[in-house]
Amino acid sequence: MITAGARVPLTLTQSNSRYVAATILLCVTILVAVLASAQMLQGGMAANARNLLGADLRLQATWPLPAEEGGAGLPSGLLHFAQQQLSAANRHFSPSLEFNAMARPLASEHSLLVEVKAVAANYPLRGQVQLQDDLSLAQALAGDGIVVEASLLHRLNLSIGQSLVLGEAQFTIRGVLAFEPDRITRLFRLGPGVLMPLHRVAETALLQMGSRVTQVVGVRLAAGEEASSVANSVRALAQQQGVRLLTPEQSQPSVRRFIRRFILFLAITSLLTLLLGGLAIHSALASWLQENRQNIAILKLLGADNSQLTRLILGALWRMSGWPALLGSLLGNAVPALLPYVVPEIFPAETLYHPSWGLALGGFCFGVLFSLSCVLLPLRQSHHLSPVLLWRLSAGSVAPAKPPRQTLLAVTWLALLMVLLAVTLAVWSGESRAALFFVAGLLVALAVAWVVAQALLWLVRRWQPPPGAWRLACQALLRRGGGQAALLMALGSALGMVNALFFLEENLNQQLLSRLPQRIPSFFFIDLQRDQLQPFRALAKQYAVADEEALRLFPTVRGRLLQEHGQPSVDEADPSRNWRQAREYVLTFAEQLPSGNRLLQGSWWSDPTVLEASVEGEMAKEMGWQLGDQIRFMVHGVEVSARISNLRVVRWSDFSLNFFVIFSPAVLQQLSHSWLASLVSIEGREESLLAELNRQLPNVTAVATRQVLETIHGLVQQVAVAARTLGVAAVLAGLLLLGVQVSAARRQRVREMALYRLLGATRGEVARILAAEMAIVALVAALLGLLIGQLLTLLIVRGIFNDLAIFAPFSLLLAGLCGGSVIFAAAWWSSRRHLALSPMQAFAAGLYQ
Amino acid sequence: MIHLDKVSYSVAHLGQPLTLLQEISFHIPPGEAVSLLGPSGSGKSTLLALLAGVERPDRGSIRIDGVELTALGDDDLARFRRQRVGVVFQDFHLLPTLSAWENVALPLQLAGKGEGYNEAMQLLEQVGLRQRSQHRPAELSGGEQQRVAIARAFIHRPQLILADEPTGNLDQHTSKQIIDLLFSWAAEWGITLFLVTHDPQLASRAVRSLALMDGRLASTSV
């Protein structure tokens, strides 16, 4: 009995098996690399969860709680609450404060935004703070000591032993932070980190009424105690007090959310590679079975039934796909080990790499099953192949051509597989909306590519160049059959993805960074107190540009959304899953509709004494809120509620001060609040403004917009590195498909060339015809790539930044030239050997039949 | 052995039916050698394909060894072929990736009768190719390839051998060797032989000759 293990009686040509193997290797490597990276990030988060929290349990609050009698200052109220509710044998508490502030050297007026963490002597309760020299944290923070990140020293031109001023207090830099257990990632960081002793916060005078500060109490539980059960025992009371409880599983929610979306983005982007790779595998296998149709007919004539034939074909497929699937799964597994060196912002060195054998096995199975799914259609076709073909071949007639719908069927089948994979990813990540957006974008791009490819081929068909190389090339191209449209679609969409990334970067650079001074505020100022408004306005008059909108001031409080029954509307089991409900909102009140906002529905309040609210339109849509609905927030431990009287459209991309929710003055005016300001500074005077601000109002934190944008830009760059890698992988998959198509048309092409040579064409003339054919493919694919790239850029820039994409002719030309050249070079390389064959060699090789 | 009763076969050509065989009826008893003659395009190969069960007639009945082929499905026809039919082609149709002995043993392997090495080597010895058993088809001459193809057709001792111009690509001397081989093995094992040929020398070796003309059975001679 012939089995998969027996010698395969089907011809395995080198090109077929090489392309199948290379494509499976690429697809499996990409998929496993993405999943292994995801696992490394999430596994790292899970394994170090306690360390990431710096404790077993973390209580945090953003407004003061009633303090124990005699207790003074922050976070004594929260510490009192923790001790009262959670005190038990062998439990330890560590209070700390986290806030932003301006830091400056003693002898300089140049200041820098820093992220301060003021900690107690027993910090951290889990994990260890590591300093660059041999000092312990306790030694470094003794006396007037302070510990800073290396980037602070660099940016303020300071060194260890020198003084640093925070607010009204002066410190000596004693150590440089090498590792903080609860601040391992530099994602979303606006400034370098500073560690200072908690008991010295009061001396800085930075924290005043309404200051933006997070109070934290870490709890170390006794051995054997479960953090979640301890948290559950006090959760209800904590919610009433506005205290948030975080267990190790919930540490760093914003980082977790970013990671989940980042992984989803990478995974879905890699689907394009899988789709194109699948198409390449399908084409290679279809071509392989087409070449073997005579052998299959012989086997059928000798009595092989379809099940035996299926076993034979799958056996051959196993030989082609087994080892690349295995190698790909191992290579993909090794990729995360390199990431801390390539994208350190996202994968810090502390995220330890452990190869996952489960994932390797999964990747291997995926590779084999993926190639199996790609052979189903050609297999079905081989089942319908009749042995009568043998008589037809004997009679010299040509075997029936591949049905034209075959390629379309394959694309549909693969697209369905991709959608299935995307849905799985969406369910896994909990980001179904984002997944849907990505997948819809991918499918629309493919559909557009398909239609445009058909249209361009139609144009080639209509084009009648004068007799010569170009005419022969056009005719040859059209003789290649229905696979051309699929090939152009694949190449065009792969190039389109790379182009879109390139154009998007261009847009980001030009729209955000280069236009900064004219369009957006230079600074945001946080924690302005009521009595500081007058000196601040005076400063603004001196440094702001002459424009009514140059200075904008809003009273602000912070609050969390409450449900109907007064509970925080948060899934405490995983708050990062429902960002809208979980986040803390900066709320404001205003008598007039702020400039830059436009009413979408309803009307602005005319009577400031009524309890009304204005909500940003997109947020209202996501929350399911409508005009007339009552919304409730917990603000500083007080519940406030108001009726939604209007919905607004906000232009977020201008970086001015904007709010999701604005209340009428009656709702918030009575609560203590600080002020938030934005200011467009006179160009070149930013440094002196900061120095003056630091001198007059040292507690006010200034965030430079350029700094925010640079942080975003840095993050985008890191994400772009990963996305670009996947874009290149998609182009590689497209080129493999090109190689398969060239290889499949090998017999036809060699026959044509032999004929040209027999009819008197020189080798150079034949080469020109071949070059013209490849040039048409490259030109059409490059045009398609530009079109898709530009289209995706327009949609993304319009959809995300609410702005018009910049049209950059030079970039378009560059992208088109690069894409076209790569495709031309690959196509020429794939078919170069055909040129070398003489007509007699073609006869001898049996290719001229 | 073979019963054909009013067999007709047509194909669609430019939307119109083109009749290739019309009302063909004949009977061949077991062990008889019959040749089929006719000009190109007369329907000889089509008739052979019908007898091999790889084409189905539009009308009529084909019974071989008591089995009505028109009633069988594709897989049953495949099993029928691997048990009872052997086919020899003008173009040999050997599998290029397999050695000579592997090509010969293939029907036994397909029928689940083991590797078939010994049986294949016995037949290769009888056709004088034992020393070439490890060679692939591309390394064999036309006559050697045809001897391998004949050994493959006979290895599972079928009841019927269908040969489609088996000497069409061979020189005269080699053709005689091949004809001798076909007839001697068919006689030795009592196998019915149905030959399509243009070669009068080959046709004369058959007990009976049938002639096709424009898809109709024109004459029968003994």
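**Exercise 1. A strand with several partners**

Determine which residue of strand 17 of chain A stands opposite Ile631(A), and in which sense strands 14, 15 and 16 of chain A run relative to strand 17.

*Solution.* The residue opposite Ile631(A) in strand 17 of chain A is Ala642(A). The model is a predicted one, in which local features need pLDDT of at least 70 and side-chain atom pairs count only at pLDDT 80 or more, while totals for chains, interfaces and linings use all residues. Residues are numbered from 1 along each chain as its sequence is written, and chains are lettered from A and ligands numbered from 1 in the order in which they are written.

Step 1. Two terms are needed. Helices (H or I, at least four residues) and strands (E, at least two) are DSSP runs, numbered from the N terminus. Two strands pair if DSSP finds at least two bridges between them.

Step 2. Strand 16 (residues 630–635) of chain A runs antiparallel to strand 17 of chain A, and six bridges join them. These two strands form a hairpin with two residues between them. In the turn, His636(A) has a positive phi of about 50°.

Step 3. Strand 14 (residues 597–602) of chain A also pairs with strand 17 (residues 638–650) in the antiparallel sense, over five bridges. Here Gly602(A) has Asn646(A) as its bridge partner.

Step 4. Strand 15 (residues 612–616) of chain A pairs with strand 17 in the parallel sense, over five bridges. Val615(A) stands opposite Leu647(A) of strand 17.

**Exercise 2. A long-range chain and a bent helix**

State how many helices and strands chain A has, and find where helix 12 of chain A bends.

*Solution.* Step 1. Chain A has 28 helices and 20 strands. Of its 849 residues, 46% count as buried; a residue is buried if 20 or more other C-beta atoms lie within 10 Å of its own, exposed if 12 or fewer, and partly exposed in between, with C-beta atoms placed from the backbone.

Step 2. Two residues are in contact if their C-beta atoms, placed from the backbone, lie within 7 Å. Among the contacts in chain A with a separation of 6 or more, 85% join residues 24 or more positions apart.

Step 3. Helix 12 (residues 357–383) of chain A has 27 residues and spans 37 Å from its first C-alpha to its last, close to the expected 39 Å. The expected span is 1.5 Å times one less than the number of residues.

Step 4. The bend is found at Leu376(A) and is about 40°; it is the angle between axes fitted to the seven residues ending there and the seven starting there. Pro378(A) follows within four residues.

**Exercise 3. Backbone exceptions**

For Asp527(A) and Glu23(B), give the element that holds each residue and decide whether each is buried or partly exposed.

*Solution.* Step 1. Asp527(A), in strand 11 (residues 523–528) of chain A, has a positive phi of about 75° although it is not a glycine. With 24 other C-beta atoms within 10 Å, Asp527(A) is buried.

Step 2. Glu23(B), in strand 2 of chain B, is likewise not a glycine and has a positive phi of about 50°. Glu23(B) counts as partly exposed, with 15 C-beta neighbours inside 10 Å.

**Exercise 4. Chain B and its contact with chain A**

Identify the elements that give two or more residues to the side of chain B that touches chain A, and the elements against which the buried residues of helix 5 of chain B pack.

*Solution.* Step 1. The contact takes 26 residues from chain B and 24 residues from chain A. On the side of chain B, helix 1 (44–51), helix 2 (74–84) and helix 3 (100–110) each give two or more residues. That side has 13 nonpolar, six polar and seven charged residues, where Ala, Val, Leu, Ile, Met, Phe, Trp, Tyr, Cys and Pro count as nonpolar, Asp, Glu, Lys and Arg as charged, and the others, Gly among them, as polar.

Step 2. Helix 5 (residues 142–154) of chain B is mostly covered, with 10 of its 13 residues buried. Its buried residues, including Val148(B) and Phe154(B), pack against strand 6 (85–88), helix 3, helix 4 (117–126), strand 7 (160–164) and helix 6 (172–189) of chain B.
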